[in-house]
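This report describes the fold of one chain and then a few of its residues. The sequence and the model come next.

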Amino acid sequence: QVQLVESGGGLVQAGGSLRLSCAASGSIFRTDVMAWYRQTPEKRELVASITTGGSVNYADPLKGRFTISRDNANNTVWLQMNGLKPEDTAVYYCNARIWPSQIRSQNYWGQGTQVTVSS
């Protein structure tokens with residue numbers, strides 16, 4: 001059974017920083033792309049993604065403020081968020097494409113962590 005466990009959310013003032021962590025555990029043969037999404041009442045959107053080789057992709061409005069990184073050996077991904085704005089308030093979800101075995105991969109989601117930015 002594969003699980004993604006997130007941590008690091010919370011309440012921060014505008015202009016502040018937070019660092020989110022997500023660790024995958026369980027029966028893992030290989031982990032491919034890892035990503036962060038965020039959910040508001042209006043929409044769910046991709047925040048950033050990173051491949052095993054380190055190629056990254058960011059939502060255009062977040063470039064320069066958010067940084068995604070990962071540790072392949074420990075199946076962990078982080079999201080460093082700087083210069084936070086009230087509009088960054090959302091539930092942030094970790095996502096990963098994981099091969100529990102050599103047979104096939106599956107898409108996994110974390111439980112979500114709340115990020116609230118006060119003005």
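A residue is called buried under 20% relative accessible area, exposed over 50%, and partly exposed in between, with a 1.4 Å probe and protein chains only. By that measure, buried residues make up 39% of the 119 residues in the chain. The model is predicted, so local features need pLDDT of at least 70 and side-chain atom pairs count only at pLDDT 80 or more, while totals for chains, interfaces and linings use all residues. Residues are numbered from 1 along each chain as its sequence is written, and side-chain values use heavy atoms, with hydrogens and water left out.

**Overall dimensions**

The radius of gyration is taken over C-alpha atoms, and the globule rule is 2.2 Å times the number of residues to the power 0.38. For 119 residues a compact globule would have a radius near 14 Å, and the 14 Å of this chain agrees with that. Along the principal axes, the C-alpha atoms fill a box of roughly 50 × 25 × 25 Å. Accessible areas come from the Shrake-Rupley method with a 1.4 Å probe; for residues, only the protein chains shown count as cover. The chain exposes about 6,200 Å², of which carbon and sulfur atoms supply 48%. Contact means heavy atoms within 4.5 Å. Among contacts between residues at least 6 apart in sequence, 55% join residues at least 24 apart.

**Strands and their pairing**

Helices (H or I, at least four residues) and strands (E, at least two) are DSSP runs, numbered from the N terminus. The chain has zero helices and eleven strands. Two strands pair if DSSP finds at least two bridges between them.

Four strands form an open sheet with antiparallel pairing, in the order S1-S3-S8-S7. Strand S1 (3–7) and strand S7 (66–71) are at the edges with a single partner strand each, so one side of each has no neighbour in the sheet. Neighbouring strands of this sheet are turned by 15 degrees against each other on average, direction ignored; the axes are lines fitted to C-alpha atoms, for helices over the stretch in contact, and angles run from 0 to 180 degrees between N-to-C directions.

Some of the strand pairs are listed here.

| Pair | Sense | Bridges |
|---|---|---|
| S1 and S3 | antiparallel | five |
| S3 and S8 | antiparallel | six |
| S2 and S11 | parallel | four |
| S9 and S11 | antiparallel | three |

Within the open sheet, Ser7 stands opposite Ser21 in S3, and Leu20 stands opposite Leu79 in S8. Elsewhere, the bridge partner of Val12 in S11 is Val117, and Val91 stands opposite Gln114 of S11.

In a regular strand the side chains alternate between the two faces of the sheet. S3 follows this pattern: Leu18, Leu20, Cys22 and Ala24 point to one face and are buried, whereas Arg19, Ser21, Ala23 and Ser25 point to the other and are not. Strand S11 (residues 113–118) has Thr113, Val115 and Val117 on its covered face and Gln114, Thr116 and Ser118 on its uncovered one.

**Residues in the loops**

Two residues can be taken from the loop between S8 and S9. One of them, Asp88, lies between S8 and strand S9 (90–99) and is buried at a relative accessible area of 1%. The side chain of Asp88 makes a polar contact of 2.8 Å with the side chain of Arg65. A polar contact is a pair of N or O atoms within 3.5 Å; within protein, one must be able to donate a hydrogen and the other to accept it, and residues adjacent in sequence count only if both atoms are side-chain atoms. Not counting residues up to four places away in sequence, Asp88 touches Arg38, Leu62, Arg65, Phe66, Gly83, Val115 and Val117.

The other, Pro86, also lies in the loop between S8 and S9 and is partly exposed, with a relative accessible area of 35%. Leaving aside neighbours within four places in sequence, Pro86 is in contact with Ala14, Val117 and Ser119. The C-alpha atoms of Pro86 and Asp32 are 54 residues apart along the chain and separated by 32 Å.

Gly64 is found in the loop between strand S6 (56–58) and S7. Is Gly64 buried or exposed? Gly64 counts as exposed, at 80% relative accessibility.

Asn75, in the loop between S7 and S8, counts as buried at 16% relative accessibility. Asn75 has a positive phi of about 50 degrees although it is not a glycine.
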